[in-house]
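Q: Please take a close look at a single helix of this model. I would like a connected account of its geometry, its packing and its surroundings, followed by a few other contacts.

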Amino acid sequence: MQEVVDDDSTLATSVLSAMLAGNRRFAEGKSEHAGVDVETRKSLIDGQNPSAVVLSCADSRVAPEFVFDAGLGDIFSVRSAGEIVDDAIISSLEYAVSDLGVKVLVVLGHEHCGAVKAVLPQVEKMMSDLDEEDDIYDVLESSESILLRALGPAAAAGVEESLETDDIERIHVANMLMEICDKSEIIREAVNNDKLMIVGARYRMSDGLVEVLSC
């Protein structure tokens, strides 16, 4: 990932721009694979200074370092199935923000998400079996399934609005961004004090490009 200027007023934007430029190289088959050489590896032995933290799905096809054509030490990568947020994920994100000083936090969803595909028919059945007085969101919140609690709200919204799976994936990213800010005072304060930019994004496997949903 190309080097960016260390200026408080422009750093976050520069970091995001560099990431998206790397993604365009990746999508065009022109990845530079810079920063994965022996010299870079040795230079990072004593510490790291990543410019961004990316929460992405654990899907083997969605590796942020490749998607953004980044090198060693560029991205602090946190991964879970369906970008699900739990206490361990929050702690990792907070470490990146408070200890490593990253300027950009990206929640990266993706096309053809297996977690969404697994949850959607379950939510559809739950909604069809629901009693009139029951609320699907209350039912999901009380579910024993971590996947249903996390991805169910986006799936339910998609069913209610007759949305395509692509849009459900986008809604889920927005939900995870809100959950991160709700759960983490450290991240909320960093955003409110303009120390951190949070970005919702979605990787399209079909063309290799990352679409920015919010920032």
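A: The model is predicted, and the account starts with helix α7, which comprises residues 146-161. At 1.5 Å a residue, its 16 residues should span 22 Å, and because the end C-alpha atoms are 23 Å apart, the length agrees with that expectation. The axis is nevertheless interrupted by a kink of about 50° at G152, a position shortly before the proline P153. Just after α7, S162 adopts a positive phi of about 55°.

The packing of α7 can be described through its buried residues, namely L148, A150, L151, G152, A154, A155, A156, A157 and G158. G152 thus appears both as the site of the kink and among the buried residues of the helix. In an α-helix there are 3.6 residues a turn, so residues three or four places apart point the same way. The partners of the buried residues of α7 are three helices: α5 (114-128), α6 (136-141) and α8 (165-183).

α7 also contributes to an open space in the model. The second largest pocket has a volume of about 230 Å³, and its lining consists of I84, V85, D86, Y137, L140, E141, I146, R149, A150, P153, M176 and E179. At least two residues of this lining come from each of α6, α7 and α8. The greatest contribution is that of α7, with four residues. A150 is therefore of interest on two counts, being one of the buried residues of α7 and also a lining residue of the second largest pocket. P153, which follows shortly after the kink at G152, belongs to the lining as well.

Beyond this helix, contacts between distant parts of the chain deserve attention. R202 lies in strand β4, whereas S56 is located in strand β1 (residues 52-57). The two are 146 residues apart in sequence, yet their C-alpha atoms are 9.4 Å apart in space. R202 is buried because its relative accessible area is 1%, and S56 likewise counts as buried, at 0% relative accessibility. Leaving aside residues up to four places away in sequence, R202 touches L108, G109, H110, E111, D166, E169, R170, L209, V210, E211 and L213. With the same exclusion, S56 touches V62, P64, V78, R79, S80, E83 and L108. L108 is thus a contact of R202 and also of S56.

The structure also holds two aromatic pairs. In one, the rings of F26 and Y203 have their centres 6.3 Å apart and their planes at 55°, so the pair is tilted. This pair links distant parts of the chain, with F26 in helix α1 (residues 11-27) and Y203 in strand β4 (residues 197-203), 177 residues apart. F26 counts as partly exposed at 25% relative accessibility, while Y203 counts as buried at 6%. In the other pair, the rings of F76 and Y95 have centres 5.8 Å apart and planes at 55°, so this pair is tilted too. Here F76 in strand β2 (residues 75-80) is joined to Y95 in helix α4 (residues 87-98), 19 residues apart. F76 counts as buried at 16% relative accessibility, whereas Y95, with a relative accessible area of 35%, is partly exposed.

How values were computed: Residues are numbered from 1 along each chain as its sequence is written. This is a predicted model: local features need pLDDT of at least 70, side-chain atom pairs count only at pLDDT 80 or more; totals for chains, interfaces and linings use all residues. Side-chain values use heavy atoms; hydrogens and water are left out. Rings of Phe, Tyr and Trp (its six-membered ring) pair if their centres lie within 6.5 Å; planes under 30 degrees apart count as stacked, over 60 as edge-to-face and the rest as tilted. Buried means under 20% relative accessible area, exposed over 50%, partly exposed in between (1.4 Å probe, protein chains only). The expected span of a helix is 1.5 Å times one less than its number of residues. The bend at a residue is the angle between axes fitted to the seven residues ending there and the seven starting there. Contact means heavy atoms within 4.5 Å. On a 1 Å grid over the protein atoms alone, a cavity is a set of points where a 1.4 Å probe fits but cannot get out, and a pocket is an open set with protein on both sides within 12 Å along at least five of seven lines; lining residues have an atom within 4 Å of a point. Grid points are joined across faces, edges and corners, and a volume is the space filled by probe spheres set on the points.
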